[in-house]
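Here's a quick walk through a model you can spin around as you read. Keep the viewer open and follow along.

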Amino acid sequence: MLSDRVRRNLASEFRGSILAKLGVVLVLLVVFVAIFAPFVAPHDPTTQSLDNAERPPLGIVQTEQRTTSEMVDGEVQTVTETVTIRPDAAHPLGTDGLGRDMLSRVIYGARTSLIVGVLGTVLAATVGVPVGLIAGYYRGRIDDGLMRFADVSLAFPSLVLAIALIGLWGRASVAVPDPFVAAGFAQEMPETFVLPGTVIVVVGVVNWVWFARIARGEALSLRDQEYVTAARALGADDSRIIAGHVLPNAITPIIVLGTVQVAAIILLESSLSFLGFSGTTLSWGFDISQGRDYVSSGQWWIAGMPGLAIMVAVIGINLIGDWLRDALDPGIEGEGGA
Amino acid sequence: MSQGRFVAKRVFQGVGVVWGVVSIVFVLRFVTPGSAINAVAPLDADQETRQAIARELGLDQPLHVQYGDYLVSLLQGDMGFSYVRGQEVATLVFSKLPATVELALAATVVAIGLSIPLGVVSATRRNQPVDWLATLFSLGGISTPNFWLGIMLILLLAVQFDIFQTSGRAVAAVEVAAAVVGPAPFVDRLQAWLAHITLPAVALGTYFMALVTRLTRSGMLDELGKPYVRAARAKGLPEVVVRYKHALRNTLIPVITVLGLQLGTLIGGAVITEAVFSWPGLGTLVIDSINLRDWPVLQGSLIVIGTSFVLVNIFVDVVYSALDPRVVND
């Protein structure tokens, strides 16, 4: 699909850039833990243990004022004592308010983020790219209609439109069996994985216009190239020209956009989960909303850890996006360093 | 084409987009599960109330009549009635709009005020420690969820150090301004305003700060390498003039385009930032309306949000045409 020249550019840009390498390492890390979550996670992320709640991450000792009341000789006595909570090596990132292991939750949360990010982007591209190519290739009324529609959709912020659609459609989710657990390779892990179906559809619906716009722009400039005219002169029909000649030459900006969109959709998904619109309770955004209640009492890690996980994933993807843009699209000035 | 005709053309196109926004919101009524009455009537409404509402909304009329009535009433400033809250939708939505505008403006000031100098410094001291810091900062900024940043800011600066307030909006910016001339204590009001708005503005503005820093840096690098900059230097212009009058001005043109396109992200970001800081604006209203199943208010908010986006983009285009007269002739 990619020409030799493009491959060479990618390789040379990669060799010269520390940030590109860092991006690949971060993304591989996130993809690895997401796929192999049942093996990597030390505990079942949904197991509660109230005796073990609010335990700080390794290296941090938390002191807390606890007030207890008890009946002594028929009178209520309130005792305030300072409790010291020490970290536990079994929970390196600490535990949340219900004693669930933060590390395991962060690892399982990677699954939700990546699945929504990738499937949402694929859905948006599957709808947007053909529509954009057809509009740009034929121009005329189809094109005008698409561009006006694109203008109107862009007037709604993605998050607002997504919230509205989920509000109207409800938040359906599907429980998919975890293949590793079903095959008996991993024990004491959740048997199913909740796929937030509505969220995937909604983020695709909200973002397809970006793909349509870029594909349309490419098709507009490619339709009058000599090789397209030549193919037309040889009697190739339009669908063949669009699929065989226009699309392959429009693919690089689409790939660059796709990369950035995965990052944008991960952020969008986390916002939706944070607001409680997602349909799954195993997600970074959801954990941040749970952790918010503990901020005033000082348990920063419950909201802090999943947020750091989002940053790691999104920084990694953005670095890869910068690398691809610098390598594939010399026309756009890169921002990544050298 | 003259500047005036350009503006007129943009306004005309803007009206078309607003019409599209309104039409999409009208259609949304019908993708609600169940009948359109479910979208409007309170959940506990009895059959009689439901029929009364249906008659009042004209839901027994053919679609094109409903659509026409809908457009006419919108033009008269009537966005319908919230049966859940017992209030006119327009009154409610416009009472919440100023808080959101204020927050978005404050975030924009934070973002633009810091990012353009940072981008310029970063570009002129390329590959020096300052540049690396700015690059890392902007990478982090575009990759951090703003609601999480907001929570972490609350944790550090409101809970641990008690400098700012964790939530709410004490006074409006207008009230602070009024205190300059009026009898009210100006300093107290200003302090109260800053204590409430600073954290949400920073949380919301950080993404844009990072984005504009990146764009300014790469744009400046691009411009500083061009022949006209060499010519300006060669004729002995001071470096300050070369950088800020010549290079920066040309850099800002693409920056403004991107800002216009990203405005939706700013408004979307405001929705969630408001949720984190309990800021009483449109975002809070949208989320509450979904949880209350108050569709008329949701629809009204969507129309106002979409229309604001169009208005600000027209404004951006007018500024753009002043900076770069070439676009007028496109």
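Is Arg249(B) buried or exposed? Arg249(B) is exposed, because 12 other C-beta atoms lie within 10 Å. The cut-offs here: a residue is buried if 20 or more other C-beta atoms lie within 10 Å of its own, exposed if 12 or fewer, and partly exposed in between, with C-beta atoms placed from the backbone. Arg249(B) sits in helix H11 (residues 239-261) of chain B. Its C-alpha is 11 Å from that of Leu224(B), with the two positions 25 residues apart in sequence.

## Ground rules

This is a predicted model, so to speak of local features takes a pLDDT of at least 70 and side-chain atom pairs count only at pLDDT 80 or more, while totals for chains, interfaces and linings use all residues. Residues are numbered from 1 along each chain as its sequence is written, and chains are lettered from A and ligands numbered from 1 in the order in which they are written.

## Confidence

On pLDDT (the predictor's confidence in each residue, from 0 to 100), chain A has a mean of 86, and 96% of its residues reach 70 or more. Helix H2 (residues 18-35) of chain A has the highest confidence in that chain, at 94, and strand S1 (residues 62-72) of chain A the lowest, at a mean of 77.

Residues 331-338 of chain A stay under 50, and the model gives them 21 contacts beyond four places in sequence. A contact means two C-beta atoms, placed from the backbone, within 7 Å. Where pLDDT is low, the predicted coordinates should not be read in detail.

## Chain A at a glance

Chain A has 12 helices and 4 strands; these are DSSP runs numbered from the N terminus, with helices being H or I of at least four residues and strands E of at least two. The C-alpha trace of chain A spans about 100 × 45 × 40 Å along its principal axes. Of its 338 residues, 48% count as buried. Take the contacts in chain A between residues at least 6 apart in sequence: 75% of them join residues at least 24 apart.

The chain splits into domain 1 (4-55 + 91-328) and domain 2 (60-89) of chain A, with bounds from an automatic or database domain assignment. Over C-alpha atoms, the centres of the two domains are 44 Å apart. Domain 1 of chain A puts 5 residues into the contact and domain 2 of chain A puts in 4. On the domain 1 side, that's no nonpolar, 3 polar and 2 charged. For the classes, Ala, Val, Leu, Ile, Met, Phe, Trp, Tyr, Cys and Pro count as nonpolar, Asp, Glu, Lys and Arg as charged, and the others, Gly among them, as polar.

## Where A meets B

Between the chains, 37 residues of chain A are in contact with 44 residues of chain B. Helices H5 (140-154), H6 (158-169), H10 (238-274) and H12 (301-328) of chain A each supply at least two residues of the chain A side. H12(A) gives the most, with 8 residues. By class, the chain A side has 21 nonpolar, 11 polar and 5 charged residues.

## The core and two enclosed helices

A nonpolar core is a set of buried Ala, Val, Leu, Ile, Met, Phe, Trp, Tyr and Cys residues joined through C-beta atoms within 7 Å. The largest one has 170 residues, and those with the most contacts inside it are Val160(A), Ala162(A), Ile163(A), Phe211(A), Leu103(B) and Ala107(B). Helix H4 (residues 102-138) of chain A gives the most to this core, with 17 residues. Beyond four places in sequence, Ala162(A) touches Val202(A), Val203(A), Val206(A), Leu268(A) and Leu272(A).

H6(A) is largely enclosed by the rest of the structure, because 10 of its 12 residues are buried. Its cover includes H8 (197-222) and H10 of chain A, along with H1 (3-28), H12 (263-277), H13 (282-291) and H14 (295-323) of chain B. After H6(A) comes Gly170(A), with a positive phi near 85°.

H11(A) (residues 284-291) is also largely enclosed, because 7 of its 8 residues are buried. Among them are Trp284(A), Phe286(A) and Asp287(A). H4, H10 and H12 of chain A help cover the buried residues of H11(A), together with helix H7 (146-160) of chain B.

## A buried glutamate

Glu269(A) is in helix H10 of chain A and counts as buried, with 30 C-beta neighbours inside 10 Å. Leaving out residues up to four places away in sequence, Glu269(A) touches residues including Ser113(A), Val199(A), Ser278(A) and Gly285(A).
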